Amino acid sequence: MLNDDSSILVTGGAGFIGSHFVLDWFTSMGTPLVNLDKLTYAGNLRNLEAVAGRPGYTFVRGDIRDRDLVGRLLVEHKPRAIVHLAAESHVDRSLVGPGEFLDTNVHGTFVMLEAARGYWQGLDEADRARFRFLHVSTDEVFGSLKPGDAPFEETFAFRPNSPYAASKAASDLIVRAWHKSYGLPTIVTNCSNNYGPLQFPEKLLPLVLDKAIHGEPLPIYGDGLQVRDWLYVGDHATALRVALERGQPGQTYNIGGWNEQTNLDTVTMLCALLDEFLPESPHRPHAKLMKSVTDRPGHDRRYAINATKAERELGWRPAETFATGLRKTVRWYLDNQAWVEEVTSGAYRAWMETNYAGR
Ligand code: NAD
Ligand code: TYD
């Protein structure tokens, strides 16, 4: 019989958002959690050292595309829910190598759904009603907005523009079909750009932060007037936990920070914080390091999220403003340079060369 003390199975729990979700889970819930992660370049067990020895925490290194493994984990741990975060997540990498994105994000989600369906169909009626498959997705599935357009609502059509966004849109639609066709109790969340501690420095904020600390040019794609909505990762972890408990099967929820701004403004704020935290730095003012480089092909101009449904139906709203969240983030990176050095050794250097050398 599944109950509140039953375990949950998380995929991608060693990545950026997954780590925050797992850490938050043990702070707020403390019930058993199985973390299935392949540990690609983006997965890092160091993020999870605080829970590694906790009773109820199980880490399994493996691939979401391994149907037998996923099936075995479900039989063995009898989870009440799956929280599916594992994915290839970086747009620029998807432009260079889209195949891995389709394999992991589309086929991987299909394998997870099929394993979940097999397990779920074998449960008794009460447990079937209780089970949830929470699929974690992005606002990028909705494509790009023009300046005056209304922010994305859950009902908007999918218009993905990058291979990453297309792979996530495909996976969202497959999740939808598994609910409609088989009745699997799925929930989908579509979230805006996350930032915070533990983010791999290929994404804008940690990348620019790392370069600014070392006095290197800060690559701004094109005119830098692209708009993103930024959400502190801790708020996203809370939103996922709440969606799991209160979300209705078959529903999708937009998760956002109510915080739209241009990349130029975002990087300028970050540089100002570095000026404040590093008064002796020879690279002050850090904003002078900003440098326009060749734009990303197909670069989405604006994302904006209308997250009123999450507030109305889940009772969730972000706790951090961009000013408070960014301050915490910059402080964390300055205090955790060893973490940055560890994750930016080896393969990271090759990626920097691939993405930035010709710009
Ligand atoms: P991330 O790249 O930091 O982490 C992904 C994790 O998945 C890593 O730990 C990696 O090892 C694991 N993984 C990758 N392929 C796997 C496979 N085949 N089998 C098992 N594990 C595998 O990603 P993130 O930024 O933490 O994003 C997590 C999820 O949230 C993704 O689904 C992403 O699309 C979504 N999302 C991210 C953002 C964002 O701003 N980062 C915003 C909205 C939604
Ligand atoms: P990113 O963090 O890659 O997230 P996403 O593409 O999913 O929104 O990029 C955020 C924004 O910053 C996006 O408009 C692209 C831009 N960007 C730069 O200007 N320079 C960079 O070096 C990177 C990585 C991103």
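**Exercise 1. Find what holds the oxygen atoms of ligand 2: which side chains have an N or O atom in polar contact, and at what distance?**

Step 1: start with Arg228, whose side chain has an N or O atom 2.8 Å from an oxygen atom of ligand 2. A polar contact here is a pair of N or O atoms within 3.5 Å. This is a predicted model, where local features need pLDDT of at least 70, side-chain atom pairs count only at pLDDT 80 or more, and totals for chains, interfaces and linings use all residues. Side-chain values use heavy atoms, without hydrogens and water.

Step 2: go on to Glu140, with a side-chain N or O atom 2.5 Å from an oxygen atom of the ligand. For Asn263 the value is 2.9 Å.

Step 3: check the cover. On its own, ligand 2 has 510 Å² of accessible area (Shrake-Rupley, 1.4 Å probe), and the protein covers 97% of that.

**Exercise 2. Work out which strand supplies the largest share of the shell around ligand 2.**

Step 1: count the residues around the ligand, meaning those with a heavy atom within 4 Å. There are 19, and Glu140, Arg228, Arg296, His299 and Tyr356 come nearest.

Step 2: sort them by class: 8 nonpolar, 5 polar (Gly counts here) and 6 charged.

Step 3: assign elements, taken as DSSP runs (helices H or I, at least four residues; strands E, at least two). Helix 3 (91-96), helix 7 (204-213) and strand 8 (218-221) each give at least two residues. Strand 8 takes the largest share, with 3 residues.

Note on methods: Residues are numbered from 1 along each chain as its sequence is written. Chains are lettered from A and ligands numbered from 1 in the order in which they are written. A polar contact is a pair of N or O atoms within 3.5 Å; within protein, one must be able to donate a hydrogen and the other to accept it, and residues adjacent in sequence count only if both atoms are side-chain atoms.
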